Amino acid sequence: MLTASKPKQSVKIVVAYLGLIVLLVGAIWGVGNLSTSIFSTPGVQKPLSTAQESTLLQSLVTQALHNLTHGGGLLMLQILIILLCTRVMVYVFKKIGQPAVIGEIVAGIVLGPSLLGLVFPQLSNHVFYPEAIKNLQFFSYLGLVVFMFILGMEIDFKSLKENSQRSVFISHAGIVIPFVLGIVLGLMLYSNFGPHNVPFLVFASFLGVALSITAFPVLARIIQEKGLAKEKIGTVALSIAAVEDVTAWCILALVVSTAKATSVYTSLLTMLFVVVFVAVMLLIVKPLVQKIYNRFVDGSNVEHLTVVLTMALLLTSTLVTEVFGINGLFGAFVAGLIMPTDERFRSYIVGRVESFNAIFLLPMFFAVAGLKTQIGELNSLWLVGLCLVVIAFATIGKFGGVTIASRISGHSWKDSVLLGTLMNTRGLMELVVLNIGYDLGILNAQLYTVMVVMAIVTTASTGPLWNFFSARFAANK
């Protein structure tokens, strides 16, 4: 039984601990002297001169700089710079009433040759040189896979059924009209911007898809911020955007498969695979997933095994589409579509991956996209004029197509115009599509930059246009 008081016991522990330290230092000192006398050659061990100390210091600094600009040190530096720049830009643009995605896109451009490479070329060349961004590309792809999976999960099929007839008509009008304008744009640009190894059909179809995209996640955030989630116009807008996303990504999968195909036969086979893949996932895998989910859920909790199986299905779907010549993001999107509709399951999955993905992985994608964007490429009045033409085509096709189709469907002019305004936002989805086209060689650096500017302008104009049209209709009452 211990009888010592607590203060006396504490003193004993401190004295004993100091004794341990003295023993350790003495042992190191003694062994050092012993090794010097036994193993050293006479005359070799001499005190370091000032010059030697300076050389040693330079060596340490050189080694530290090398570690900072290579391997894991460089990766940590890149991630730190990207995260800080992204948070600053998001804060700034939220302050002026813009969605976070605008700040994220601008942060990527700031870190690229358009600003960082122009103002601090040495820093850019040491931190973001081509070979150094391979790890960032891996993180960005992983982030996009998770993003597309969550996007697929957010598609509300119940809402689609409730608004099916009008939503499908309006959404397809919002795809067909800008798609046709994209083909017209392709006719105008193919001779100057079309790569020699890319057929006109692929080039023009890709531009059509790029003009047809609506950013479903950004649209959902805007609707929430404006308090429209429970209003009719909000639910209709989300339904239209959901149908548009599903349709546009199916079209994009066909365009990508055609671009990757080596012959007409392989192109047809890949297109057939797209149809078969979607049918198998919806008709066979989806019911199977629901049965497995029902088995592992006890009515209140989602087991960890369910999460593991979900991630395994996501990766498998992504891998299969990659193997068969379609971008893996399409597989991730379809995997999200077939997930169980139970709200507890979706909240559980999304809650564990979305925050990390949005804060950590997706900024890597914006940085990589920014490194491809060179605003300096728009160095002539002709290219600036082309930028304005592309923005006009994109706005007329999307805003005009959705507005007219909404009016034909029986919506008031106010709701029709506001729906057209919402559908014209593109955001991250546009950047995903543009990066696919850039990586496939469909877009060159100049046209890629033009399209990125279009994405920024159409997304940034959504809020101001909504406020403008809302005020005008309110004044005319």
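Is Asp439 buried or exposed? Asp439 is exposed, with a relative accessible area of 56%. The legends below look at this residue and a few others, and please keep in mind that the model is predicted.

**Figure 1. Asp439 and Lys372 form a salt bridge.** Here we start with the residue from our opening question. The closest N and O atoms of Asp439 and Lys372 are 2.9 Å apart. Asp439 belongs to helix H19 (residues 427-439) and Lys372 to helix H16 (residues 343-372), so the contact ties together parts that are 67 residues apart in sequence. The two partners fall on opposite sides of the burial cut-offs: Asp439 is exposed because its relative accessible area of 56% is over 50%, whereas Lys372 is buried because its 11% is under 20%.

**Figure 2. Lys398 and Glu244 meet in a salt bridge through their side chains.** The N to O distance in this view is 2.8 Å. This pair links distant parts of the chain, with Lys398 in helix H17 (residues 381-408) and Glu244 in helix H12 (residues 232-260), 154 residues apart. Look at the accessibility of each partner as well. Lys398 is buried, with a relative accessible area of 0%, and Glu244 is buried too, at 1%.

**Figure 3. A salt bridge joins the side chains of Glu104 and Arg87.** The N to O distance here is 3.8 Å. Glu104 sits in helix H4 (residues 100-110) and Arg87 in helix H3 (residues 71-95); the two residues are 17 apart, and the pair links distant parts of the chain. Glu104 counts as buried at 13% relative accessibility, while Arg87 counts as partly exposed at 40%. Arg87 gets that label because its 40% lies between the 20% and 50% cut-offs.

**Figure 4. Two cysteines, Cys85 and Cys250, in a structure with zero disulfides.** How buried or exposed is Cys85? At 15% relative accessibility, Cys85 counts as buried. Cys250, with a relative accessible area of 29%, is partly exposed.

**Figure 5. An overview of the charged pairs and the cysteines.** How many salt bridges does the structure hold? There are three: Glu104 with Arg87, Lys398 with Glu244, and Asp439 with Lys372. For disulfides, the count is zero.

Definitions and conventions: Residues numbered from 1 in each chain as written. Predicted model: local features only at pLDDT ≥ 70, side-chain atom pairs only at ≥ 80, totals over all residues. Heavy atoms only, no water. Salt bridge = Lys/Arg side-chain N within 4 Å of Asp/Glu carboxyl O. Helix = DSSP H or I, 4+ residues; strand = E, 2+ residues; numbered from the N terminus. Buried < 20%, exposed > 50% of the residue type's maximum accessible area, 1.4 Å probe, protein only. Disulfide = S-S within 2.5 Å.
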